[in-house]
Amino acid sequence: MALIACPACNKRISSRSSSCPACHCPLGDADLERRDSHLRIQRIQRQQRFMLWNAMALLLFTGGAALAFWLGIDVPWQVLTGQVMMAVGLISYLGVRAWQIFSK
Ligand SMILES: [Zn+2]
């Protein structure tokens, strides 16, 4: 029995198993087409995850901007909270983008 890397999730699995126990990616030559569609689905799910993270970071940023420059304009702690939210949102957005680029 040899250990191979799963083509979808890169986990070490037995070369004899018919599918990956971690991500259920089908293995073996007979399953090339199924494996292809599995990989495609995983890639789409990954992109959707990144889009969700990006949306949350942007929401945090715009929410912070609204609080800092509009809703809490005369309330110092709200302005501060808004600025912190903007900073966290911006850093998260850049972090997600960098993660997305480097994980390709
Ligand atoms: Zn796997």
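1. What is the mean pLDDT of the protein chain, and what share of its residues reach 70 or more? This is a predicted model, and the mean pLDDT of the protein chain is 90, with 97% of its residues at 70 or more. Among the elements, the lowest mean pLDDT, 90, belongs to strand β1 (residues 3-5), while the highest, 94, belongs to helix α2 (residues 76-102).

2. On the overall architecture, the protein chain contains two strands and two helices, and these follow one another along the sequence in the pattern β-β-α-α. The chain is more spread out than a compact globule, because its radius of gyration is 21 Å, well over the 13 Å that the globule rule gives for 104 residues. Taken along the principal axes, the box filled by the C-alpha atoms is roughly 70 × 25 × 20 Å.

3. On burial and contacts, buried residues account for 12% of the 104 residues in the protein chain. Of the contacts between residues at least 6 apart in sequence, 30% join residues that are at least 24 apart.

4. Helix α1 (32-71) deserves a check of its length. Its 40 residues should span 58 Å at 1.5 Å a residue, and the end C-alpha atoms of α1 are 56 Å apart, which agrees with that expectation. The buried residues of this helix are His38, Ala57, Leu60, Gly64 and Leu67, and α2 is included in what covers them.

5. The largest nonpolar core has six residues, namely Ala57, Leu60, Leu67, Met85, Met86 and Val96, and α1 and α2 each supply at least two residues of this core. As a general background, nonpolar side chains in soluble globular proteins tend to be buried together. Within the core, Leu67 may be followed in more detail: leaving aside residues up to four places away in sequence, Leu67 touches Gly72, Gln78, Thr81, Gly82 and Met85.

6. Two loop residues should be looked at for their backbone angles, given that most residues other than glycine have a negative phi. Asn10, placed in the loop between β1 and β2 (12-14), is a residue other than glycine with a positive phi, near 70°. Asn10 counts as exposed because it has 11 C-beta neighbours inside 10 Å, where the cut-off for exposed is 12 or fewer.

7. The second of these residues is His24, which lies in the loop between β2 and α1 and has a positive phi of about 65° although it is not a glycine. Is His24 buried or exposed? With 11 C-beta neighbours inside 10 Å, His24 counts as exposed.

Methods
Residues numbered from 1 in each chain as written. Predicted model: local features only at pLDDT ≥ 70, side-chain atom pairs only at ≥ 80, totals over all residues. pLDDT = per-residue confidence, 0-100. Helix = DSSP H or I, 4+ residues; strand = E, 2+ residues; numbered from the N terminus. Rg over C-alpha atoms; globule rule 2.2 N^0.38 Å. Buried ≥ 20, exposed ≤ 12 C-beta atoms within 10 Å, placed from the backbone. Contact = placed C-beta atoms within 7 Å. Core = buried A, V, L, I, M, F, W, Y, C linked by C-beta atoms within 7 Å. Expected span 1.5 Å × (residues − 1).
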